Structures are given as structure tokens and as C-alpha cells.
Amino acid sequence: MSTYLSAENLGHSFHDHWLFKHQTIGINRGRRVALVGVNGAGKSTLLKILSGQLAPTEGKAVRARDLRVGYLEQDPKFKNAVTISDYIFHEDNVQQQLIRKYEELLENDPENSAALEKVMTELSEVDAWEYEYKIKTILGRLDIHQLNQNISSLSGGQKKRLALARLLIEDPEVYVLDEPTNHLDIDTIEWLEKLLTEGNKTILMVTHDRYFLDNVCNEIIEIDNGKIYTYAGNYGYFLEKKADREAANEAQFQKNSNLLKKELEWMRRQPQARGTKSQARINAFYELEDKTKNAGPKAKVELSVKTARQGNKIMELESVVKGFNGRTFIDGFDYVFKKGDRIGLAGKNGTGKSTLLNLITGNLQPDSGSVVKGETTVLGYFHQAGITFNQEERVIDVVKNVADYITMADGKTISASQLLTLFLFPPKKQHGFIANLSGGEKKRLQLMSILMKNPNFLILDEPTNDLDIDTLNVLEEFLTTYTGVLMLVSHDRYLLDKLTDQLFIMEGNGSVRIFNGNYSSYRLEQEEEKQQAKQKAEVKTETKPVAKKNKLNFKELKELETLESNIQQLELAIKTANEKLNTSGIEASSLNHTLQEIDKLNADLEEKSMRWIELIELNEG
């Protein structure tokens with residue numbers, strides 16, 4: 001198996017702190033690898049080193065010759081590109097430039113039939129229709145439209161999706177992805193999962209999304225205390241093997257600690273004996289001390305702050321209406337919050353989730369209707385934008401600005417410094433500057449600042465962004481036993497499933513649907529409805545053939561013709577593959593390959609069939 005990315009004797013330091021030293025790593029072709037580790041362990045740094053974005057402090061990183069590496073960073077840069085078109089379409093790619101011309105004609109001059117026919121002919125000559133369909137599908141799924149829009153006018157989430165779109169269109173030999181699911185809604189994440197697991201893609205990524213990680217990756221690389229450990233399996237396998245390793249380490253730690261105590265006694269008792277004869281033993285003591293210093297049971301985030309008393313009246317929404325620029329996001333929504341409510345907000349990006357949260361917190365006023373907060377309700381709002389910290393301020397001062405002492409759930413009072421320690425900010429970090437914290441550490445500090453105020457109505461808007469999985473696990477443990485009202489917006493399906501038992505579904509037309517159940521239950525219902533709709537549409541098209549096509553534009557006509565041909569070919573390919581399965585004496589390797597091939601063909605057939613039905617209905621409309 002060929003190695004695409006590798007590093008030998010790798011070491012890197014940041015702010016005079018070594019993230020890792022003397023490490024060797026290799027990424028083989030066809031492996032889908034996830035980097036895991038706590039915030040600040042060096043995951044993003046290792047991504048940059050392996051992809052050639054950053055030179056290591058020690059050792060060397062090597063890439064296979066002429067390897068095409070696509071790198072999605074957390075905060076993408078767009079170089080000299082001004083518009084979306086500039087960034088998406090390469091000047092030296094004939095197919096892409098023709099597609100760009102075609103898309104811009106459709107967007108800006110759709111009635112120019114002569115120009116459209118000319119560019120359509122050129123697209124056919126260079127066999128670009130399939131490529132155009134792929135580009136349009138990717139842009140559409142990532143909600144990227146208006147190709148002449150300036151990149152500078154895009155939000156941070158739109159910029160991240162634009163960078164991801166270009167990477168998927170380019171289809172590099174190695175995908176290097178830093179938090180690819182951030183700013184994507186759940187439907188898009190599930191689509192991306194399928195895309196990344198098709199074919200034999202080589203992927204190296206950092207993600208906190210455990211369902212995504214488990215479904216996509218077949219290898220896990222963990223950075224732990226400056227060392228790199230490799231696990232050949234998915235996330236579930238990694239958790240099992242990591243538990244085994246830590247149990248073994250715990251036993252070794254106890255052994256080392258006992259030995260260290262004996263050695264320490266000897267060191268203290270024998271000051272006069274530290275001559276040449278004892279030097280080997282002295283060296284062994286220091287080596288053992290170094291091993292034991294960073295081992296042992298790991299600290300855990302302890303989230304157990306007190307919750308303010310809650311009265312009978314919590315929050316009431318009556319006939320709430322809110323819209324912007326002529327578009328209504330919430331239209332006549334009623335709800336009375338009850339004690340113990342655990343509500344998830346679901347819906348595509350831009351359907352009004354943050355608008356509803358801002359109405360509840362009082363940051364927005366409704367156009368009509370009312371939002372009435374109970375007298376004893378104390379809101380805590382953890383939102384995507386976060387707190388704007390003064391980068392030159394010290395970490396401990398951020399906490400002291402809220403309170404010097406904090407009451408915990410058991411009634412005990414602890415100092416700001418003690419609370420920071422519980423949140424995995426050791427004394428050295430407490431007196432360090434905000435500027436030196438990682439993105440995840442800043443989010444953890446923000447969360448702590450909110451919980452210090454003892455809220456009994458907690459709103460979490462995308463809390464998983466930038467938090468490491470270890471911190472997420474403890475946050476979930478806290479939220480499971482949290483006694484106040486919880487509202488959660490998250491694209492993390494695992495988190496929604498675990499923490500909520502009711503959903504507010506933003507349907508995009510001003511309607512907010514209340515669903516009793518968690519996210520997986522909702523998705524199951526959606527899938528069943530989709531299958532029923534598909535069956536009805538198939539019956540309808542069988543009895544009502546396509547008679548005329550004049551309601552479709554040039555592009556859609558061409559696409560419909562191509563789809564009809566593609567669907568026939570796929571159905572034939574599936575039939576052939578199924579016949580192959582029934583062949584006696586088929587080898588195991590061939591069987592697995594054929595099963596994978598059938599899965600891919602069926603997924604492709606479903607996608608193309610749904611689009612074909614959509615075009616048929618549009619034409620009949």
C-alpha cells in the first residue's frame with residue numbers, strides 16, 4: 001500500500017511549549033484518518049505540517065511526488081479571488097470556464113437562447129455535462145448561489161462552505177479537512193458523509209462530530225501527552241482500545257509511582273553518595289520522574305454549578321411573529337415552557353433557529369405577539385459568536401470579572417482559581433493571556449463564564465464547535481443531570497439524540513413544528529414520508545407520461561435527457577451485479593467488492609431518480 005503523507009522524528013513547539021517530539025506517522029492511500037485529542041494537543045498543527053502548510057520545528061514531513069492535496073482550514077483564505085465564480089472556477093480548466101460561462105448566462109441573461117445554445121454545444125464537445133451536474137449539485141447542497149457575489153460580503157459560515165465546495169469539485173488525491181461539519185446543517189452533513197465514503201478517497205481530518213467520525217473514518221490517530229497513537233478502525237473501535245491502553249497505563253503509573261517514592265527516599269538519604277558510582281541510578285531517577293510527571297489519572301472537567309430556583313412561570317410565547325426584509329421566519333408560534341423541558345432546534349441553515357433564540361433571550365422583539373419571561377427565570381445563552389475577549393487580558397481576570405467566588409451544586413463555595421482548575425485550566429494557563437488559548441479553550445472559558453451565573457434556562461447554540469471530544473463527553477454528562485430548561489441548537493446528531501426529547505422544527509415557511517421525540521426518531525419519520533412520496537410519484541409518472549417539455553429551460557431539458565439514460569444504465573448495472581452475487585463459488589474478496597458496488601449504484605440511482613421526478617413534476621406543473 002503506497003504512503004501518501006509521512007513524517008519522521010517529528011517535533012513541534014508553540015509558545016515555548018512542545019506539542020509533540022520524536023514522532024513518526026504515515027498516511028496510506030485509501031485510508032480515511034481522523035486526528036483526535038484534547039484542545040491544544042496539536043491536531044490542527046499536525047494537519048498543517050502533514051499537508052505542507054507549516055514547517056515542523058524538528059524532523060521532516062514528506063509527500064508523495066506530484067500528490068494533489070486539498071486543504072480545508074478552519075478560517076479559509078481566498079487569495080486574489082473577488083467573486084464566488086473567481087474562486088470556484090480555474091482559468092486553466094476549459095470545462096470549468098465553459099460551465100462558468102453557462103451558469104452566468106442562466107443567472108444573468110436566461111432569455112439569450114442563441115448564446116445558450118452555442119455554449120451548450122461547446123459543453124457537449126468537451127463532454128462536460130456530467131461535470132457541470134456535479135458542480136451544480138455540490139454548490140446547491142452547500143447552499144451556494146449568486147456566483148457573481150463578492151466573497152467579502154459572505155459570513156464566516158458561507159466562506160467555510162465555499163472553501164469546502166471548491167475542494168469537493170477539485171476532488172484531490174488527499175482531502176485534509178479541519179472541522180468540515182462546522183456551519184453545515186444535518187442534511188448536508190449526511191450528504192457529505194456519503195460523498196466522502198464513495199470510491200477510495202484518502203482523507204485526513206479533525207472533527208468533533210462523533211457520528212460523522214464513526215461513519216467516515218477507518219483509522220484514528222490520537223495525540224495524547226505529546227505522543228501519537230494509531231488505531232486501525234472506526235471511532236467505536238478506538239474508544240475500546242483507548243480504554244484498554246489507559247487501563248494498562250494506570251497500572252504502570254501506580255508501579256512507577258511506588259518506585260519513584262523509593263528512589264526519592266534514596267536521593268534524599270544519600271547526598272554524600274552522589275559520586276560516579278551512583279550516577280546511573282540518579283539518571284534513572286530523573287527518567288522515571290519524567291515518565292510519571294505527565295501520567296496518571298487525567299483531570300476531568302467538572303461541571304456541577306448550582307442552578308437558580310425556578311418558579312411555576314418560566315417562559316410563554318403567544319402568537320409570535322418575526323420576519324426580516326419581507327420574509328417571515330416565525331409566523332404565529334405559541335408555546336408555554338415547562339419544568340424539565342429538553343428541546344432541540346432542527347431545520348436547515350437560514351430557517352430562523354437563531355431568530356427564535358434571540359426572541360426568547362430578549363435580544364430581538366417580535367413583530368407581533370408576546371414573549372413573557374417568568375420572574376425567577378435566569379437565562380444562560382451560549383451562542384456561536386461567543387464572548388469577545390480582550391486578547392491582552394489574563395484568563396483568571398475573565399472569571400473574576402463575573403465573581404471571585406462561585407457556589408457549586410453541593411452548596412460549597414470555591415474560588416475563581418479553583419473553578420478554572422476544574423475546567424482544565426491549570427495555574428500556568430490561568431495567569432497566561434487569552435491570546436495564547438486555542439479556539440476550543442476560549443469556547444470552554446465562555447461556557448464556564450455562563451454557568452457561573454447559575455442559569456435555570458440554558459440555551460446552547462452550536463456548543464460543539466471547537467470543543468474537543470473529551471470536553472464534550474463531560475459537558476453531556478453535566479447536561480444529562482441538569483435540572484433547568486435546556487434548549488439546544490446543534491448539527492451534532494449524537495448530542496441531539498442524547499440530550500433532547502422534543503424538537504422545534506423550523507420548516508422554513510414561518511412554521512415551527514413541535515415534534516415529540518429525538519432527532520433519530522424525526523429522521524426515521526422523514527425517510528418513511530420520502531419513500532411514500534416517491535412511490536406516489538412513480539405511480540403518477542407511469543400513468544401520465546411526459547407530453548411536453550416547454551416548461552423546462554435549456555439546461556433542465558438536457559439534464560432530463562441525460563438522467564433518463566443514466567437511470568436505465570444504472571438499473572442494468574444493478575441487475576448485472578445482483579446476478580453476479582448469485583454465482584456459485586464467488587470468492588470473499590469479490591463478494592465484498594460486489595456488495596460495495598451495489599450499495600454505490602443504488603445510492604446513485606436513488607439520487608438521480610429523485611432529481612428526475614423533480615424535473616418531471618416541474619414540467620407538468
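Strands β10 and β11 make a hairpin, with two residues between them. The model shown here is a predicted one. From the hairpin, this briefing moves on to a helix, the loop after it, and a mixed sheet with helices packed against it.

**The β10-β11 hairpin**

- Strand β10 covers residues 315-324 and strand β11 covers residues 327-336; the two run antiparallel and are joined by seven bridges.
- To find one of the pairings, start at Lys322, whose bridge partner in β11 is Ile330.
- In the turn you will meet Asn325, which has a positive phi of about 50°.

**Helix α7**

- Helix α7 takes in residues 186-197, twelve residues in total.
- Its end C-alpha atoms are 17 Å apart, which agrees with the 16 Å expected because each residue should add 1.5 Å.
- At the start of α7, Asp185 places a side-chain oxygen within 3.3 Å of the backbone nitrogen of Asp187.
- Which residues of α7 are buried? They are Ile186, Thr188, Ile189, Glu190, Trp191, Leu192, Glu193 and Leu196.
- As a general guide to reading such a list, an α-helix has 3.6 residues a turn, so residues three or four places apart point the same way.

**After the helix: Glu198 and Gly199**

- Glu198 sits in the loop between α7 and β7, the strand at 202-206.
- Is Glu198 buried or partly exposed? Glu198 counts as partly exposed because its relative accessible area is 28%, which lies between the cut-offs of 20% and 50%.
- Glu198 and Glu597 are 399 residues apart in sequence, yet their C-alpha atoms are 9.7 Å apart in space.
- Gly199 follows α7 and has a positive phi, near 70°.

**The six-stranded sheet**

- Reading across this open sheet, the strand order is β14-β17-β18-β12-β19-β20, and the pairing is mixed.
- At the edges are β14 (379-382) and β20 (512-516), each of which pairs on one side only.
- From one strand to the next, the twist averages 15°.
- Within the sheet, β12 (residues 342-346) and β18 (residues 485-489) run parallel and are joined by four bridges.
- One of the residue pairs here is Leu345 with its bridge partner Val489 in β18.

**Helices against the sheet**

- Helix α11 (residues 353-361) packs on the sheet and touches β12, β14, β17, β18 and β19.
- The direction of α11 makes about 155° with that of β17, the strand at 457-461.
- Helix α15 (residues 439-451) lies across β14 and β17, and runs at about 175° to β14.

Note on methods: Residues are numbered from 1 along each chain as its sequence is written. This is a predicted model: local features need pLDDT of at least 70, side-chain atom pairs count only at pLDDT 80 or more; totals for chains, interfaces and linings use all residues. Side-chain values use heavy atoms; hydrogens and water are left out. Two strands pair if DSSP finds at least two bridges between them. The expected span of a helix is 1.5 Å times one less than its number of residues. Buried means under 20% relative accessible area, exposed over 50%, partly exposed in between (1.4 Å probe, protein chains only). A polar contact is a pair of N or O atoms within 3.5 Å; within protein, one must be able to donate a hydrogen and the other to accept it, and residues adjacent in sequence count only if both atoms are side-chain atoms. Axes are lines fitted to C-alpha atoms, for helices over the stretch in contact, and angles run from 0 to 180 degrees between N-to-C directions. Contact means heavy atoms within 4.5 Å.
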